[in-house]
Amino acid sequence: MINLLSNLKIAVPDKIFIKDPESSDLGKRIIEHSILLIDEIGFDSFTFKKLGVKIGSNESSIYRYFESKHKLLLYLTSWYWAWIEYQMVFATHNVPDAKERLFKAIEVITQTIKEDVTITHINEVILNRIIINEYSKSYLTKEVDSENKEGYFVAYKRVVKRLSEIINAVNSQYQFPSSLASTIVEGALHQHFLKAHFRSITDCGKDVTPTEFFLNLTQNVLKSTSNESK
């Protein structure tokens with residue numbers, strides 16, 4: 001799998017960037033160090049000027065790749081969800097049992113992320129922290145509808161759709177597969193956030209992982225609707 005993944009290019013909608021950062025060493029350094037800097041100071045305090053200082057480059061050179069820091073955040077979040085999608089595809093490939101496919105898909109979406117050694121300029125562990133803390137800032141904007149039409153959130157929506165299809169394969173009588181799928185995807189981020197910052201209002205922690213919670217929740221929801229249909 002490592003050899004196969006190393007040959008894959010994570011696809012990000014090309015309207016998000018001016019120049020593909022994967023096309024040059026400078027572009028890759030922009031991505032690598034923007035992740036580190038956003039994790040260090042937060043997205044609100046992050047600027048291209050500060051990033052330029054970090055990478056030893058002019059601020060103007062960063063604008064050749066992204067027209068704004070918002071577009072850079074859209075790039076990072078799109079890359080993350082496309083990477084998660086690849087993990088889902090590989091984890092569920094050739095798994096004949098629908099319920100087992102569902103469990104594996106939920107595990108990929110909700111687990112604590114480990115670094116992917118095949119991609120050297122992106123630290124997925126740190127990027128995951130940014131997604132947990134900052135992802136909502138990519139879509140809680142006045143431009144969300146127009147950006148959605150441009151396809152900026154297509155990778156995120158594909159993850160939800162794939163999970164929804166697997167849920168439907170387990171229980172075709174369940175009426176809300178897309179709502180459950182989006183709840184799992186968004187809820188996983190929220191539970192990881194609560195586990196790190198508001199531990200008094202979540203059961204997830206040292207003894208219970210978000211994965212265990214969402215596996216339990218999904219099984220109980222699908223089991224109850226299956227029983228009702230009998």
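Reader: At what angle do the axes of α5 and α7 cross, and within what distance do they come?

Author: In this predicted model, the axes of α5 and α7 cross at roughly 115 degrees and come within 10 Å. Because angles of 65 to 115 degrees count as roughly perpendicular, α5 is described as roughly perpendicular to α7.

Reader: Is the crossing of α5 and α7 left-handed or right-handed, and which residues of the two helices meet?

Author: The handedness describes how one helix is turned relative to the other, and α5 passes α7 in a left-handed crossing. On the α5 side the residues are L73, L76, T77, W79, Y80, W81 and W83, and they meet E124, L127, N128, I130, I131 and E134 of α7. Sorted by class, this contact of α5 with α7 comprises nine nonpolar, two polar and two charged residues.

Reader: How do α7 and α10 pack, and how far apart are their axes?

Author: Helix α7, which covers residues 124–134, packs with helix α10, residues 177–197, at an angle of about 95 degrees, and their axes are 9 Å apart. These two helices are therefore roughly perpendicular to each other. In this contact α7 contributes I131, I132 and N133, while α10 contributes L189, H192, F193 and H197. The classes represented in the contact of α7 with α10 are four nonpolar and three polar residues, with no charged residues.

Reader: What angle do the axes of α9 and α10 make, and how should that angle be named?

Author: The axes of α9 and α10 come within 8 Å and cross at roughly 125 degrees. An angle from 65 to 115 degrees would count as roughly perpendicular and one over 145 as roughly antiparallel, so α9 is oblique to α10. As for handedness, α9 passes α10 in a right-handed crossing. The contact brings Y156, V159, V160, L163, S164 and I167 of α9 together with P177, S178, L180, A181, S182, I184, V185 and E186 of α10. By class, the residues of the contact of α9 with α10 are ten nonpolar, three polar and one charged.

Reader: Turning to enclosed space, how many cavities of 30 Å³ or more does a search of the whole structure find, and which residues line the largest cavity?

Author: The search of the whole structure finds one cavity of 30 Å³ or more, and the volume of the largest cavity is about 30 Å³. Its lining is formed by T77, S78, W81, Y135, Y152, F153, V154, A155 and Y156. Two elements, α5 (69–92) and α9 (154–170), give two or more residues to this lining.

Reader: How do the residues of that lining divide by class?

Author: The lining of the largest cavity divides into seven nonpolar and two polar residues, with no charged residues.

Notes:
Residues numbered from 1 in each chain as written. Predicted model: local features only at pLDDT ≥ 70, side-chain atom pairs only at ≥ 80, totals over all residues. Heavy atoms only, no water. 1 Å grid on protein atoms, 1.4 Å probe; cavity = no way out; pocket = protein on both sides within 12 Å on 5 of 7 lines; lining within 4 Å. Points joined across faces, edges and corners; volume = space filled by probe spheres on them. Helix = DSSP H or I, 4+ residues; strand = E, 2+ residues; numbered from the N terminus. Nonpolar A, V, L, I, M, F, W, Y, C, P; charged D, E, K, R; others polar. Axes fitted to C-alpha atoms, helices over the stretch in contact; angles between N-to-C directions. Parallel < 35°, antiparallel > 145°, perpendicular 65-115°, else oblique. Contact = heavy atoms within 4.5 Å. Left-handed = near helix turned anticlockwise from the far one by under 90°.
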